Amino acid sequence: ELVNFLLDTGGWTFLRQRPFDVVASTTDVPDNIFISTFDTAPLAPDLNLVMQGKGAAFQRGLDVLRKLTSGKVWLGLNANGANASSPNFTEAKGAGKCWFSGKHPAGNVGVQIHHIAPITTKSTVWTLNVQDVATIGALFTEGRFNAERVVALTGAELKHPKYVRTFIGANVGELLDGNLSNDHIRIISGDVLSGSKTSGESYLNYFDDQITVVEEGDQLEMFGW
């Protein structure tokens with residue numbers, strides 16, 4: 001009944017299966033579900049800030065996810081001093097918690113899975129982003145599909161890096177309008193390490209909460225040095 005409800009409302013699309021990062025099968029029961037509550041990628045958004053005011057929806061989302069797994073819902077928490085995880089994450093109920101410290105990729109959910117419960121040929125594992133968890137929770141706390149997203153606009157070629165409140169699949173050009181320092185740039189949906197090249201005519205990738213704008217790297221160098 002819960003699976004059918006999530007399919008009907010669009011919530012199921014947030015559930016991604018590892019190791020291939022595809023939308024989860026409705027016939028599978030995952031051994032565990034993993035959520036990283038911090039991002040260590042270059043210029044990544046502060047998820048503590050992103051999730052301000054969404055604690056109730058996040059907790060309800062965790063309650064829903066617990067019904068879909070035979071194991072645990074695991075939260076990867078930030079143990080990096082001043083950037084420690086907010087109470088929305090540390091005080092969440094019904095979830096297993098593990099703390100991680102260090103530079104990137106400490107916040108990568110795949111690294112956290114490896115240290116908590118490594119994937120085997122016989123295991124099924126699902127992952128979500130924190131804002132996706134809150135969207136699932138909002139189906140129950142608000143009674144609607146809340147497509148709102150807080151997105152970080154980052155990179156050296158922006159006049160004013162900032163956070164914006166927008167929606168899933170927002171137009172990239174509208175988000176960056178009037179904020180580009182020049183025209184010779186590369187726009188990336190995501191971060192510079194794992195994001196994908198996009199353009200002002202395109203749209204924010206479904207699972208991304210960051211746009212990075214850098215100088216286009218097409219300078220000619222002798223012998224590639």
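**Exercise 1. Nonpolar surface patch**

Determine which residues form a nonpolar patch on the surface, and give their accessible area together.

Solution. Step 1: Met222, Phe223 and Trp225 form the patch on the surface of this predicted model. A patch takes residues with over 30% relative accessible area and no salt bridge, joining like charges within 9 Å and nonpolar side chains (Val, Leu, Ile, Met, Phe, Trp, Tyr) within 5 Å. Step 2: together the three have about 510 Å² of accessible area (Shrake-Rupley method, 1.4 Å probe, with only the protein chains shown as cover for residues). Step 3: Met222 is placed in the segment after strand E11 (210–215); helices (H or I, at least four residues) and strands (E, at least two) are DSSP runs numbered from the N terminus. Step 4: Met222 has a relative accessible area of 63% and is therefore exposed (over 50%; buried is under 20% and partly exposed in between, with a 1.4 Å probe and protein chains only).

Residues are numbered from 1 along each chain as its sequence is written. In this predicted model local features need pLDDT of at least 70 and side-chain atom pairs count only at pLDDT 80 or more, while totals for chains, interfaces and linings use all residues; side-chain values use heavy atoms, with hydrogens and water left out.

**Exercise 2. A salt-bridge network**

Find the partners of Glu216 in salt bridges, and state where each residue lies in the chain.

Solution. Step 1: a salt bridge is a side-chain nitrogen of Lys or Arg within 4 Å of a carboxyl oxygen of Asp or Glu. The count by this rule is seven. Step 2: Glu216 pairs with Arg186, whose closest N and O atoms are 2.8 Å apart. Arg186 is in strand E9 (residues 185–189) and Glu216 in the segment after E11, so this pair, 30 residues apart, links distant parts of the chain. Step 3: Glu216 also meets Lys197 in a salt bridge, at 3.9 Å from N to O. Lys197 belongs to strand E10 (residues 196–198), so the second pair ties together parts that are 19 residues apart in sequence. Step 4: through shared partners, Arg186, Lys197 and Glu216 are joined into one network. Step 5: Glu216 is buried at 12% relative accessibility, Arg186 is partly exposed at 32%, and Lys197 is exposed at 58%.

**Exercise 3. The loop between E1 and E2**

Describe the salt bridge of Asp21, its phi value and the peptide bond that joins Arg18 and Pro19.

Solution. Step 1: Asp21 is found in the loop between E1 and E2, and Pro19 lies in the loop between strand E1 (16–18) and strand E2 (22–23). Step 2: Arg16 forms a salt bridge with Asp21, with 3.9 Å between the closest N and O atoms. Arg16 is buried, at a relative accessible area of 10%, whereas Asp21 is partly exposed at 40%. Step 3: Asp21 has phi near 55°, a positive value in a residue other than glycine. Step 4: the bond joining Arg18 and Pro19 is cis, with omega about 15°.

Then locate the cis peptide bond that leads to Pro105.

Solution. The bond runs from His104 to Pro105, and its omega is near 15°. Pro105 is placed in the loop between strand E5 (96–100) and helix H5 (109–116).

**Exercise 4. The surroundings of Lys54**

Is Lys54 buried or exposed, and how far away is the nearest side chain of opposite charge?

Solution. Step 1: Lys54 sits in the loop between helix H2 (47–50) and helix H3 (55–66). Step 2: Lys54 is buried yet has no salt bridge. The nearest side chain of opposite charge is that of Glu148, 4.4 Å away (Lys and Arg count as positive, Asp and Glu as negative; His and the chain ends are not counted). Step 3: the side chains of Lys54 and Gln131 are joined by a polar contact of 3.3 Å. Such a contact is a pair of N or O atoms within 3.5 Å; within protein, one must be able to donate a hydrogen and the other to accept it, and residues adjacent in sequence count only if both atoms are side-chain atoms. Step 4: neighbours within four places in sequence left aside, Lys54 is in contact (heavy atoms within 4.5 Å) with Gln131, Ala134, Glu148 and Val150.

**Exercise 5. Thr90**

Place Thr90 in the fold and list its contacts beyond four places in sequence.

Solution. Step 1: Thr90 is in helix H4 (residues 87–90) and is partly exposed, at 29% relative accessibility. Step 2: with neighbours within four places left aside, Thr90 is in contact with Leu77, Ser85 and Lys97. Step 3: the C-alpha atoms of Thr90 and Asp28 are separated by 29 Å, and the two residues are 62 residues apart along the chain.
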